[in-house]
Amino acid sequence: MMLAARAAEQVILGEPSSGCSQDLVDATQLAGDVHRLWGMGDLGLVALSDGVAEVDPTLRVAVRRTLDEAHARAVAVVTERRADVERLARELQVRRYLDAAEVRAVMTGPVAPPPRVERTAPTMGPAVRRTVTRPAARGPS
């Protein structure tokens, strides 16, 4: 997931931007920890100190291979689901924020707009209540 935004930029825009640089830093750190600290990578059951890890070419190759494989998987998923990614991007331009259920709805079909909030004059009780009816769902644009 850390490289998905970079993959999306590469697939949709043709090249990645610097906007995903922190994702790359985080992914590199995680891949390094997998190999260097947790003994879960190609190097086997080993925990290397920071000093050794910085100069160990075997570790650098293992981390690079892990990142290359993860990036290739991310590019493949974005390429396969490009229409969904573009639909999600359009919806985010309209609505700015989506919760998990709304993202699932965008990815699986028509999206209903958020419920309208009807404000009432406060008397004794809540001043805001949700409207029960929703407008008709919008189809994909």
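## Helices and salt bridges

Helices are DSSP runs of H or I with at least four residues, numbered from the N terminus. In this predicted model, that numbering gives the name α4 to the helix that holds both aspartate 68 and arginine 64, which stand 4 residues apart and are therefore separated by about one helical turn. The side chains of aspartate 68 and arginine 64 meet in a salt bridge, with 3.1 Å from N to O. Aspartate 68 counts as partly exposed, at 40% relative accessibility, whereas arginine 64 is exposed, with a relative accessible area of 55%.

By the rule used here, the count of salt bridges comes to 7, and two further examples are described below.

## Salt bridges between buried partners

In helix α2, aspartate 33 and arginine 36 lie 3 residues apart, which is about one turn of the helix. These two residues form a salt bridge whose closest N and O atoms are 3.3 Å apart, and both aspartate 33 and arginine 36 are buried.

Helix α5 offers another pair, arginine 87 and aspartate 84, whose side chains meet in a salt bridge at 2.8 Å from N to O. Arginine 87 and aspartate 84 are 3 residues apart in helix α5, so about one helical turn separates them. Arginine 87 has a relative accessible area of 17% and aspartate 84 has 14%, so each counts as buried, the cut-off being under 20%. Salt bridges with shared partners also join Arg81, Asp84 and Arg87 into one network.

## The largest pocket

The largest pocket has a volume of about 500 Å³, and 20 residues line it, with Met1, Met2, Leu3, Ala4 and Ala74 lying nearest its centre. Several helices take part in this lining, since α1 (4-13), α2, α4 (57-80) and α5 (82-95) each supply at least two residues. Helix α4 gives the most to the lining, with 7 residues.

The lining of the largest pocket divides into 17 nonpolar residues, 1 polar residue and 2 charged residues.

## A nonpolar patch on the surface

On the surface, Met2, Leu30, Leu37, Trp38 and Met40 form a nonpolar patch, and together these residues have about 490 Å² of accessible area. Met2 is also one of the residues that lie nearest the centre of the largest pocket.

Another member of the patch, leucine 37, is found in the loop between α2 (21-36) and α3 (50-55). Leucine 37 has a relative accessible area of 38%, and because this value falls between the limits of 20% and 50%, leucine 37 is partly exposed.

Methods: Residues numbered from 1 in each chain as written. Predicted model: local features only at pLDDT ≥ 70, side-chain atom pairs only at ≥ 80, totals over all residues. Heavy atoms only, no water. Patch = residues over 30% accessible without salt bridge, like charges linked within 9 Å, V, L, I, M, F, W, Y side chains within 5 Å. Areas by Shrake-Rupley, 256 points an atom, 1.4 Å probe, with all protein chains shown as cover. Salt bridge = Lys/Arg side-chain N within 4 Å of Asp/Glu carboxyl O. Buried < 20%, exposed > 50% of the residue type's maximum accessible area, 1.4 Å probe, protein only. 1 Å grid on protein atoms, 1.4 Å probe; cavity = no way out; pocket = protein on both sides within 12 Å on 5 of 7 lines; lining within 4 Å. Points joined across faces, edges and corners; volume = space filled by probe spheres on them. Nonpolar A, V, L, I, M, F, W, Y, C, P; charged D, E, K, R; others polar.
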